[in-house]
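Trainee: Please pick a single part of this model and look at it closely. I would like to know what it pairs with and what is found around it.

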Amino acid sequence: MKKAIVIGSGAGGAMAAKELQGNFQVTILESGNEFKPFAFNIHKLSKLRKTGLFLDERMISVLFPTMRVRKASSGMVLVNGICTGGSTALSTGSALRCDDSLIKLGIDLDKEFEELSEEIPLSYNHEQYWSPTTKALYNACEQLGFGPKPAGKMIDFERCVHCGHCVLGCPTGAKWDSRRLLSESIAKGAVLKTGCKVTKLGIDRKNKKVHTVYVKEKGKKKIYSADLIILAAGGLNTPVILNCSGITCENTLFADPLLCVAAPYKKAEQDRHFPMPFLMQRNGYMLSPYMDYLSFFFNKAWRLPSDNILSIMIKLSDSSFGSSLSRKTEKELTAADKERLTAGVSDCKAILGKMGISEKNMFLGTVNAGHPGGMMPLTSEESRSLHNNRLPENLYIADASILPNSMGNPPIWTILALSKRIAKVCKAAFN
């Protein structure tokens, strides 16, 4: 049986591994360790905010090692998961089909989305679990003509304990993440290796193939080889691996930045309910109720008790302009990005105003981003092969790096479908 190496265990990597195992003997290399949910009591920990211990967002890694936080040159906070399941373990459990830009390239994923809906539990009928505050917000948004719609949630609500910690790791397993795909792969014979950081790929330039995968595994240098390599290390790390391997990426990094507009609201209790219960699609951005824990701990404006903060998120579809190849990630908002963000802030203030809150009491969160990608974007010429000509013949990318532009929306569902298709292409090409 031919061998395949999958680098990364997030949405793209885990799906590729699950689809390939059986046709290939799959080895999954994950740089992080086994995921564990956030272990601290949020309400007790929040009492320490006045001590000045929480000086910088990067300190969250001390409390929560699986959450990696870095800052771009502009100060934008970038967040991703380094663990089994990747950033899916830290997601809101939201599923949304956002493949318009892929359709424009000639990539039709209808079949893959249909398969996903049969494999992964997805619910749109969860209004019965909404809090009174969520229902009031929804009504306010409807009255303003913003067209709110319940979000697709990969959550088993019968198991959900409404702790509000989806983005910190679901303690009951009610929220789906890609570790379930890993379990399926392992049950079929795949091998998962944690603590394996891929540093570069050894490439035979003459034959245009990857012959070696160089890894730092628990402090030791090791090498692996396989017939097929799937690179899915994430939108920030995949370009670094490619660059170290002598493969040029584009300076087209997007990040889906988010900014929350919040205000005091007695017994809002957003911290006790699942985030992003409904969505509103606007021009270049999306709005949704969301409790931003990074702002809560590290932004001085957010010093209220968490259950008395009402917060609405702006998720921006940002310009493809930036890079993660240098020692410091280069990413900043363009003039067009800032204009859309300003429009989003106005929308959020209108919603909070409809809830009876004075604008003078409203405050902003910290701009942060968790959906990086776009530095090896697909083109129409690659719509069938899903393979960039700059890549060796046996190397495919299966993460957000190949998305042509920012979606400004939850990307997991789309990445899963795209990775499914890539696995099918690989099975046809290598068998």
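Mentor: What follows goes through one strand, its partners, the loops on either side and the enclosed spaces.

This is a predicted model, in which local features need pLDDT of at least 70 and side-chain atom pairs count only at pLDDT 80 or more, while totals for chains, interfaces and linings use all residues. Residues are numbered from 1 along each chain as its sequence is written, and side-chain values use heavy atoms, with hydrogens and water left out.

The part I have chosen is strand β13, residues 257-264. A strand is a DSSP run of E with at least two residues, a helix is a run of H or I with at least four, and both are numbered from the N terminus. Of the eight residues in β13, seven are buried, so this strand is largely enclosed by the rest of the structure. Buried is under 20% relative accessible area, exposed is over 50%, and partly exposed is in between (1.4 Å probe, protein chains only).

Now the partners; two strands pair if DSSP finds at least two bridges between them. With strand β16, residues 309-316, β13 pairs in the antiparallel sense over seven bridges. In that pairing L258 of β13 stands opposite K315. Strand β20, residues 368-369, also pairs with β13 in the antiparallel sense, over two bridges. There L258 stands opposite N368. L258 therefore has a residue opposite it in β16, namely K315, and another in β20, namely N368. Strand β19, residues 363-364, is joined to β13 by two bridges, and these two strands run antiparallel. The bridge partner of V261 in β19 is L364. When you look along a strand, keep in mind that in a regular one the side chains alternate between the two faces of the sheet.

Next come the loops. D256 belongs to the loop between α8 (237-244) and β13. The phi of D256 is positive, about 55°, although D256 is not a glycine. Most residues other than glycine have a negative phi. D256 has a relative accessibility of 1%, so it counts as buried.

In the loop between β13 and β14 (278-281) you will find E269. E269 is not a glycine either, and its phi is positive, near 55°. Its relative accessibility is 29%, so E269 counts as partly exposed. To put the two residues side by side, D256 is buried, whereas E269 is partly exposed.

The last topic is enclosed space. A cavity is a set of points on a 1 Å grid, over the protein atoms alone, where a 1.4 Å probe fits but cannot get out; lining residues have an atom within 4 Å of a point. The model has three cavities of 30 Å³ or more. The largest has a volume of about 140 Å³, a volume being the space filled by probe spheres set on the points, which are joined across faces, edges and corners. This largest cavity is lined by 16 residues, and Q270, H273, F274, P275 and P277 are the closest to its centre. Its lining divides into ten nonpolar, five polar and one charged residue. Here Ala, Val, Leu, Ile, Met, Phe, Trp, Tyr, Cys and Pro count as nonpolar, Asp, Glu, Lys and Arg as charged, and the others, Gly among them, as polar.

The second largest cavity holds about 90 Å³. Of its 15 lining residues, C160, C163, C166, C170 and P171 are the closest to the centre. The lining of this second cavity has nine nonpolar residues, five polar and one charged.

Terms used
1 Å grid on protein atoms, 1.4 Å probe; cavity = no way out; pocket = protein on both sides within 12 Å on 5 of 7 lines; lining within 4 Å.
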